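Let's take a walk through this model together, stopping at a few places where side chains meet. Keep the sequence and the 3D view at hand as you read.

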Amino acid sequence: MTFQQQLLEGIPAVLPAQKEYDPAINHAPKRKKILSPSEEKLALQNALRYFEPQHHATLLPEFKNELDTYGRIYMYRFAPEYKIYARPIEEYPAQSKQAAAIMLMIQNNLDHAVAQHPLELITYGGNGAVFSNWAQYRLTMQYLAQMTDEQTLVMYSGHPMGLFPSHKEAPRVVVTNGMMIPNYSKPDDWEKYNALGVTQYGQMTAGSYMYIGPQGIVHGTTITVLNAFRKIGKSPKGGIFVTSGLGGMSGAQPKAGNIAGCITICAEVNKKAVHTRHSQGWVDEIIDNTTALVTRVQQAQLDKETVSIAYHGNVVEVWEAFNEHNIKIDIGSDQTSLHNPWAGGYYPMGYTVEEANDMMANDVEHFRESVKTTLCRHAAAVNAHTEKGTYFFDYGNAFLLESSRAGADVLAENGIDFKYPSYVQDIMGPMCFDYGFGPFRWVCASGKEEDLAKTDAIACTVLEELAVNAPAEIQQQLQDNITWIQGAQQNKLVVGSQARILYADAEGRAKIAQAFNDAIARNEIGLVILGRDHHDVSGTDSPYRETSNIYDGSRFTADMAIHNVIGDSFRGATWVSIHNGGGVGWGEVVNGGFGMVIDGSKEAERRLQSMLFWDVNNGIARRSWARNEGAVFAIKRAMEIEPNLKVTVPNIVEEDLFNNI
């Protein structure tokens, strides 16, 4: 069968042959045994409902074995034979171009060069899934191939509920992931209900089909590193940045360090992840012992090199060794998946990855205690360096949150706040999000490198034109992004689809998108898929990350993310998503995203202008109401640009009034 025929087939009528487990592929860790015998039966019944009754006797023992062995039913037998990657849009069998674009994005998320655990359908973060099993993938792709522009596909935490009649202005796909009743959002609830096959952790851009490989976070990390060095008043040249994590999104760190121009040391315990990033050119060197690492870093400091080093081992070893040898760390952070501490997001010291994985599945309490002990030791090493002047920030991965829960010394004197800021509190919030700047991205649906080069040039021209008359408050942002886009080609950022990201505000996003739409109308480039990371101005309510610089008491509310996805739905998005969970953990965040296909038409022009304006200014309005100074400036400017925008602006209360109360 051809690729197109296999997509149209959906779940095959004849069972494909069983597949051998390939240990060379990076697999998800075994999940702990959490279901009761009656719940295991329910999980198996849930899995078998995808298949005709005549296959149940064959599949039941097979799925039972998967559940016993891996803690989940992935249905490995049904993984397709064809290679999964973002093909040119014309290669997808579809009645709707918008649906074909979504198929392209789904396959990009599951590309072996992109996905962290591709055979378990996990894109990044240890548990950020596109689907829970291969039957869901096959059925979804079949629905997308069949759908028209008068239908909407409803996705229920990885499960394709079906095609429903709608209309051309409606989203083609509506996605939810992990939307639990609030009292059922504890970590073990994810383990249980995911094992039952009734919900999944969509992370952010994993379950919303908008991941573009580690490039998606390279730019944000580059801006963070540049601004962190600016904050301490030091040039990145010869400066040291220590962090950890090379899987999924965290693999962007060494590339970002190179672009910023510093010395980056990024620790990673998983040998496969280390060598993947090295083979892709995202990290320059690999070192596996602290003695050699100390010597190499000291030389790099003397020579003021720009170099990235992957340390194959636990990051605590790096912090402790550098403290012992008095190596000054200028900026430090951590980007392991600590939103997922008990299921492979963070590994304890003193164990190989294999030993830790076995303990994770078979000795859960010992694993938890080992992680907590390591977190305390990790935090103590960080504290030793910050006393010497290191600027440490939480990179929104729940490092400080989980360290505090482990009993580590990370709380401020008031016993409530953390000693160290979130990078959003100190950098991204006040410098970017409050002014409306966030991770706008696009994918060239043709798959052509030349289309990406043309869109880079178009975007750069738009930014340069905006910079001429832009207010002083946003000049630095515009200049950073002009520099970024000018160097995008030479930095070889593409992994998977022909995609690009840059930080832009509502005006910049709309003008760039309009310029793309005009170029498509002139047949200069093919279709373009617009989107953004959920880690943005208004897509995410996350009190320890995206909204950590909200100080009016509302940072634990999630109205903004819900408003955002509803507003995107009726303003022209091609698909929308809303998730429980994300970069900081299940039950800790609500986040939403969108995708929008532009085709050069007047209808696309109308939709992009309407939706992109709302998608950003919804968040600026909320940040302004929280009395964030930059956001008050930004929303007043937005109201000047768009007369139909009328936003309630806060009145500032003088502090002196409280002196006698």
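Does Phe 570 count as buried or exposed? Before turning to the numbers, please keep in mind that this is a predicted model. Phe 570 has a relative accessibility of 59%, so it counts as exposed, since the cut-off for that class is over 50%. You will find Phe 570 in helix α19, which covers residues 559-571. On the surface, Phe 570 joins Met 179, Ile 562 and Ile 566 in a nonpolar patch. Together, the four residues of this patch offer about 380 Å² of accessible area.

From that patch, let's move on to the aromatic rings. Searching the whole structure turns up 25 aromatic pairs. One of them joins Tyr 70 and Tyr 76: the ring centres are 5.5 Å apart and the planes meet at 85°, so this pair is edge-to-face. The pair formed by Tyr 74 and Tyr 76 also has its ring centres 5.5 Å apart, but here the planes are at 45°, so the pair is tilted. The cut-offs behind these two labels are simple: planes over 60 degrees apart count as edge-to-face, those under 30 as stacked, and the rest as tilted.

Tyr 76 takes part in both of these pairs. A wider view brings in Tyr 21, which forms one aromatic cluster with Tyr 70, Tyr 74 and Tyr 76. How covered are these rings? Tyr 70 has 17% relative accessibility and therefore counts as buried. Tyr 76 is at 12%, so it counts as buried too, and Tyr 74, with a relative accessible area of 5%, is likewise buried.

Tyrosine faces also meet charged side chains in this model. Lys 83 lies over the face of Tyr 85, 5.7 Å from the ring centre. Elsewhere in the sequence, Arg 555 lies over the face of Tyr 544, also at 5.7 Å from the ring centre.

Our last stop is the cysteines. How many disulfides does a search of the whole structure find? The count is zero. Cys 262 shows the reasoning for one residue: the closest cysteine sulfur belongs to Cys 266 and is 11 Å away, so it is too far for a bond, given that a disulfide needs two sulfur atoms within 2.5 Å. Cys 262 has a relative accessible area of 0%, so it is buried. Cys 376, by contrast, is partly exposed, because its relative accessible area is 27%.

Terms used:
Residues numbered from 1 in each chain as written. Predicted model: local features only at pLDDT ≥ 70, side-chain atom pairs only at ≥ 80, totals over all residues. Heavy atoms only, no water. Phe/Tyr/Trp six-rings, centres within 6.5 Å; stacked < 30°, edge-to-face > 60°. Buried < 20%, exposed > 50% of the residue type's maximum accessible area, 1.4 Å probe, protein only. Lys NZ or Arg CZ within 6 Å of the ring centre and 35° of its normal. Patch = residues over 30% accessible without salt bridge, like charges linked within 9 Å, V, L, I, M, F, W, Y side chains within 5 Å. Areas by Shrake-Rupley, 256 points an atom, 1.4 Å probe, with all protein chains shown as cover. Salt bridge = Lys/Arg side-chain N within 4 Å of Asp/Glu carboxyl O. Helix = DSSP H or I, 4+ residues; strand = E, 2+ residues; numbered from the N terminus.
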